[in-house]
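Please open the model in your viewer and keep the selection panel at hand, since this tour goes from one selection to the next.

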Amino acid sequence: MKSYRVRERQHDDLVDDLLLARGIMPEAKEHFLNPDYIADGHDPMLLPDMPAAVERILSAQKNNEKVAVWSDYDCDGIPGGVLLTEFLRAMGLAVTHYIPHRHKEGYGLNNEGIDELVEQKVSLMITVDLGTTDIECVAYAKAKGVDTIVTDHHLVHGALPDALVINPKRPDSKYPFDGLCGAGVAWKLAQALQNKTHTLGEGQEKWLLDLAGLGTLSDMVPLVGENRMLARFGLTVMRRARRPGLRALLEVLRIKPSTLTEDDVAFMVSPRINAASRMDNPHVAAALLGATDGARAVELARELNTINDARKTLVATTVKEANKRLALGTPSPLIVMGSPAWRPGILGLVANSLMEAHGKPVFLWGREGGTAIRGSVRSNGVSVVELMGAAKDAFEEFGGHTASGGFSLAEEKVHELPARLQSAYETLAAQGVVSEEKIVDRELSLAEVPAAYKDLQQLAPFGVGNTKPLFIFGQTTIKSMKTFGKQQNHLDFYLEQNGAHTGAIAFFSNSESFTKKAAGGVRADIVGHVEMDWRGKPRIRVVDII
């Protein structure tokens, strides 16, 4: 069962108190609240292999070589790939943007795709958000006469490929910040080229920050340091909606560009970019972000939204099937299941839904091309990396972040997985690693919500490393509650406390979703975040009712 602990208040001022809780000392307050493009953006030439990569690209420009940008298929790789493709084309290079098919080719480089580029006479390949571990494929490309520049941000395990590898996580990196996402590293390469060639007018490269910011807000990277700057200024550029594709997508989603928030990006924009590859066509997302024609952008935005609707239907069907199987199974602190018919590309979303509904770590697997078994894991109580590490012999590969990750395993080990993970969980629980306690930042009254919302805007955007503050509203009365949405699976509340009133909302919830059953007339403590509703009024995003 979830438990909550209210953090001890360190300062009466809400902003100062939240900053201290996040390790931001008073002397660093101004710098954190007001990121600076120059001060927070480090010299791109400090990145490993950046000077040599710039010279190699200039050589390609001089010799009229054909270049391929090979990007990942998610909402980090695609924006980064579009960003770099646009800049290289502005330099006059002939560039093809290659995005592998999630289900047929999988993550990273592959020889078949390289063969396709060779047929197109490509002699230089630049990766975005991948490539650090693709030693064999890089060697294959070199044997075919294709040089490789890797731009990536993933951890380095052992030797590097025979390529120029621009990665801030390299052990020999002297770059001051190692938390960039894939699109962020692609941005640094474009920035280095701009500084050298002045391809775009002075300062015009900043218009590419919408794509760098989109990747930064969509990937699991800490929103501190240079990332905070990229996210903040990326949102600023996105709000200007100069990019036809983004403007068309926001219009379809009925989001005013001028009020776009990181939540809009995380819950509305990014899922649609990711849906393209989950449902087999990542090029629709890339075409949307790179569109220059307004009418074509509208077509692509509608197509992407339709793809996302199909994705939501598939996720809902899989969640329903999983819940049926859970009802017939034996209670366990973990949910571990799969099916050869389940599509791995949507299992992270399914796992997240099950985790929120059941409050347990969730491991789901499906089949991806031939006999490959791949899966996703989500957790809100124990680090998935630690959990999979404690059962590492069950997997061929695994990785991720504290709350989410992925894995692959041999088909013959599928039936061993539940017992292996159960044993690993029990071991970690005995060591005190497993915890379901959540820290509440502060107690607030409903009367304080409008002022709190204004204060919180100073700390935005929120994400990894700068989490959205969690508040508790003590002894609050639910004056009314109603469901809404096509499937009536969201809740709308009207709350009252000591004469003050405010609206509240809980997505993908019902009256039984909380510690205490929700109903009109119930008096309880409300745990939640403060945000803005579609009318521009502050409200509470309910996390729990206790």
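The stops below take in a sheet, a helix that lies across part of that sheet, and then one residue in another helix. Please keep in mind throughout that this is a predicted model.

Begin by selecting the five strands of the open sheet, which follow one another in the order β3-β2-β4-β5-β6 with parallel pairing. At the edges you will find β3 (94-98) and β6 (164-166), and because each has a single partner strand, one side of each is left without a neighbour in the sheet. If you turn the view to compare neighbouring strands of this sheet, they are turned by 20° against each other on average, when direction is ignored.

Next, select residues 66-71, which make up strand β2, and look at how this strand runs parallel to β3, to which five bridges join it. Within this pair, which residue of β3 stands opposite Val69? It is His97.

Now add residues 77-90, helix α5, which lies across β2, β3 and β4 (122-128) and runs at about 170° to β3.

For the last stop, move to helix α14 (residues 294-328) and pick out Ala297. Is Ala297 buried or exposed? Its relative accessibility is 0%, and because buried means under 20%, Ala297 counts as buried. To display its surroundings, select Pro244, Gly245, Ala248, Leu288 and Ala291, with which Ala297 is in contact when its neighbours within four places in sequence are left aside. Finally, a distance drawn between the C-alpha atoms of Ala297 and Val146, which lie 151 residues apart along the chain, spans 33 Å.

Note on methods: Residues numbered from 1 in each chain as written. Predicted model: local features only at pLDDT ≥ 70, side-chain atom pairs only at ≥ 80, totals over all residues. Heavy atoms only, no water. Pairing = 2+ DSSP bridges. Helix = DSSP H or I, 4+ residues; strand = E, 2+ residues; numbered from the N terminus. Axes fitted to C-alpha atoms, helices over the stretch in contact; angles between N-to-C directions. Contact = heavy atoms within 4.5 Å. Buried < 20%, exposed > 50% of the residue type's maximum accessible area, 1.4 Å probe, protein only.
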